[in-house]
Amino acid sequence: MNDFIPGRPAPEPPQSPRLSPSPLERRLAGLRGDAPQRSLDARALAALAANPGCGRRAVLDAAGVDKTDLATRLGNPAPFGQSPFAISRGLGFERRVKADGCTVLLDLLREQLRLPEDSAPVVFAELVDDPGLPAGRVASARVALAAAAARPGVWTVLDQPLLRLEVAGSTAHLEPDLVVVRPDGRWTVVEIKSFPILDGGADAVKVGAAARQAAVYVLALRETAAALAGVEPVRDPYREPEGLAGAPDSTALLVCPKDFGNQPTAAAVDVRKPMAVTRRQLDRLTRVEQLLDVLPTGTGFGRDRSDGQLAAAVGALQAVYSPDCLSACELGFHCRAEARCAGSVETLGRGVRGELGSFHTVEQALAAAAAAVTAPGGTHADTAGGTPSDTLADTPDDGDAESALRLARAAALRAEALQTAALQAAAPVGGAG
Amino acid sequence: MSLLSTLARMEAVRDGRAVPLATVRHRHLADRPMVLVPLAAAGEAGAPLAVMLGQDRESPVLLTVPQPLDRDRRFALLADLAAELLPWLEGFGTEVDLLTREVKDPATGEKTEQVRELCTNAPQLLVPGPAAVEFLGLLGRSTRFRRSAETALDEGVDPGPYPVPARVPLLGRWLTHLRDRAQVPGSSLLLAMTDLLGRHWATGQSRLEDQHLGALLAWIDPPAGRTGAEAALLAETARDGHGQLLCPPAGPTTDPRFDSGLLAPAITRYDAARKLDDAVAAQAREAEIAALLEAVLRPTWDRLWQGLDLLRALPAAAHLPERWEGDRWSYTSHRDRIAAGEPPQPVRDDAVTAARKLAQREREQTRLDIQEALDDPLAMAEHRLAGEALAGRVVAVEAAYDETGRSPKPRPLVTVRTSDRPHGDPGRELYRAGGPTAQKAELVSADPAAGLVTVRLLNGMGRRKEPEPGSVPEPGEQVCFTLFELTARQSAPLPEPEDTPWTHGGPPVTRTATAQPDLPTAPADEEGA
Ligand code: SF4
């Protein structure tokens, strides 16, 4: 659950095993300049699924620009935060789940994954936990997984191992709550969350977010396993590779408090679908290069940039705003202000665009509605039913003409209804009609 | 969202303030509703932190807990809440209308008169938003199965380690009922202000943003000199010199920066005073916490009343009394279940009850759509745009008769000027809305180019050859016909819960009250804070 706690120190810049950074890495680092870096984490990767089409977010995430910091500098700070009460409750619950050498946890795991009773010994992997040494942490987690693979019939618990995933040339650092290597050799991702499972059910939105996060961990584990087995990773989540490469289980364990108390309970969550979705999004991220190509030279997000330059740099990256951004992306308020300024219809809700055909701005759409309404006899079918293009001389194509006609119909009906109501209010007895 | 409401939202953007989405008020509003703003402790499930409530906008009652992890204080708050709410809730049960109906004994065929009670009025509870409705449901779930020391004594059982104050489980049952009823479309026992306002006004922002009560009201009633968008942005983001929101969230969760900047330090001070056994200091610290919570509750409280004022300015829709009667029945039957000593509502409905509720909600949704369309030309406009209705002025009436029977019957042809394009072939059945009686008609022809539609009236004109005066519209009269029926159909009868087939889980098993520590409420650990 740590990935949801904002404000934790960003890990050190990723240390690539390669000697020199790739050209793309260099370009991305150049974009970031001296701005604080935030390496991609599971939350960022999972959130890509929320708005995969957004090039602005893709570039900023790939370049490791800290969007919270950026939003503040742009004058539209992100409204996210977590209550200290929620944090301490979460930490307390996590401690409880891991207490007594994870006895409760392993029982839940056996029960939910329908594993047979066993009396296998439990080993706690020794991991480097210095936050200043991400490369060391990643390496020690790999070593621990390799060691566990070499001793079947034993439970091995990795507490907050650090995993890495290459994403479009940059490195994402991922920290699952727990990875458990089972006596049968399979690896299970365990996510501990502090929302309750009440009467056997939980908030679907929260479960969905947890599943997407777990999916990212399983993807990272698959790459690790493939590397340990010395084979290419299988990209299709629905196909399980043979041998060690197939060790990561695509069913994760979600551990939550039961009902209103603090007792842990668990649910097994099949994460193959979110894995497939995230995989697709990550593959699309490689198109970051093309997105970079259209940026004016000299674009950057460093501390040395003036507010105006910064706004221009962000503005040069194409956004795909929808109101869902407000709860999913740090730049939500900034992109909303921009979309409102442009009068874009997306500010009114997801799916509004579809309704309005090719009208992109409120002004265009209202003008189209009004043009047809004010045209002589436009509200009546006896003339409007003729040639719509007469009244909409400046609309480019038939699709537009049709949406304009629909809008005009709606506007006429709305005006008529409001007028009827006004007349009724003026003469409440009987109906003037 | 429909095209009409999108259009309204675009108009709101243009005008810089919200525009009407309804021409009448579509929900019943009580003369003296109970207004209630709950706050929840962050991170805990269903743990109350504070409640502001009352029927008088000038003097709300404030209930708070100084330490949300202290279960005794939590239950003390719930006991206080029960003391405030239960007399009011139960008070509506005393005044009743007596309704008589004839029932036929299925065995003997004998007719007897049955008298039933219907409470004359019912309670109405108003909260800021849907999250508050859910929170009340959660409180209901966490308390209705609890056992108090008194009831345990009566039943001669051990009350368990955590008995609750006497009236708390009863409060839980009422809250559960109110939350349940709130799922029924058009019901008005428990209403969320953001839903109410959102039904009647379109803002220049999305529905998602309309969930913020302060922003929503900023669009509907912007302060002088500001556009709705500007005022809404202030409501969402403006903070004072200490970093606190000027418009605190309407709850039940508080702003994290309020928690970290003000509440957590105050709770720490309270805990410290308690540790030192300094009762005077603890009380002073407790008063500080209450004052902090009051300060974040009061703006929401005031906004709820502001919303009420705005809604009251709208004329009431014609069908409100009919739908409110449904709420009165709902209230009356819950009163009767409690009086009959029935057990609390189960955690999960059995298959038949669940199916019944679903069928009821679907039926009520249909009824609501129909009634709103009949009550409000803007709602009817949605159906006209969708080709499910037509309205316009009568331009010609031609007498015609059905001569097939023994005596000729009137079947006049009515031609209406309209730009509406009903989606139906000739012969399609139509229903007259707003006519003197329920009347069926059929579509005869439609000429979109000329803007004319001709329909034939089929009934509601009396038994003679010539139609009863007033039953056929005159030229120049405004008429409206729908393609959908104007009364909701009864759904197929479902078995009684006791007769649930085994394929659907069999008859329900009664859940008895429990005082098990882990179910449904266990003490939150003394961790945190
Ligand atoms: S808020 Fe802006 S940057 Fe973030 S996803 Fe939405 S459009 Fe993209």
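Biologist: Hi! How much area do chain A and chain B bury between them?

Modeller: About 5,100 Å², and 62% of that lies on carbon and sulfur atoms. Keep in mind that this is a predicted model.

Biologist: Which residues of chain A lose the most area to chain B?

Modeller: Those are F85(A), F260(A) and R414(A), which together account for 17% of what the chain A side buries.

Biologist: And how many residues are in contact?

Modeller: On the chain A side there are 58, touching 65 residues of chain B.

Biologist: What about salt bridges across the interface, how many does the rule find?

Modeller: Eight between chain A and chain B. One example pairs R336(A) with E209(B), where the closest N and O atoms are 2.7 Å apart. There are also 13 residue pairs in polar contact across the interface, counting pairs with both residues at pLDDT 80 or more.

Biologist: Which elements of chain A give two or more residues to that side?

Modeller: Six helices are listed, among them α5 (84–112), α12 (332–341) and α14 (362–374). The biggest giver is α17(A), with 12 residues.

Biologist: How do the residues on that side divide by type?

Modeller: You get 27 nonpolar, 16 polar and 15 charged residues on the side of chain A that touches chain B.

Biologist: Switching topic: how many helices and strands are in chain A?

Modeller: Chain A has 17 helices along with eight strands. Of its 433 residues, 49% are buried.

Biologist: And what is the accessible surface of chain A?

Modeller: It comes to about 19,000 Å², with 55% belonging to carbon and sulfur atoms.

Definitions and conventions:
Residues numbered from 1 in each chain as written. Chains lettered and ligands numbered in written order. Predicted model: local features only at pLDDT ≥ 70, side-chain atom pairs only at ≥ 80, totals over all residues. Heavy atoms only, no water. Helix = DSSP H or I, 4+ residues; strand = E, 2+ residues; numbered from the N terminus. Buried < 20%, exposed > 50% of the residue type's maximum accessible area, 1.4 Å probe, protein only. Areas by Shrake-Rupley, 256 points an atom, 1.4 Å probe, with all protein chains shown as cover. Contact = heavy atoms within 4.5 Å. Buried area = accessible area lost by both parts, 1.4 Å probe. Salt bridge = Lys/Arg side-chain N within 4 Å of Asp/Glu carboxyl O. Polar contact = N/O pair within 3.5 Å; in protein donor to acceptor, adjacent residues only side chain to side chain. Nonpolar A, V, L, I, M, F, W, Y, C, P; charged D, E, K, R; others polar.
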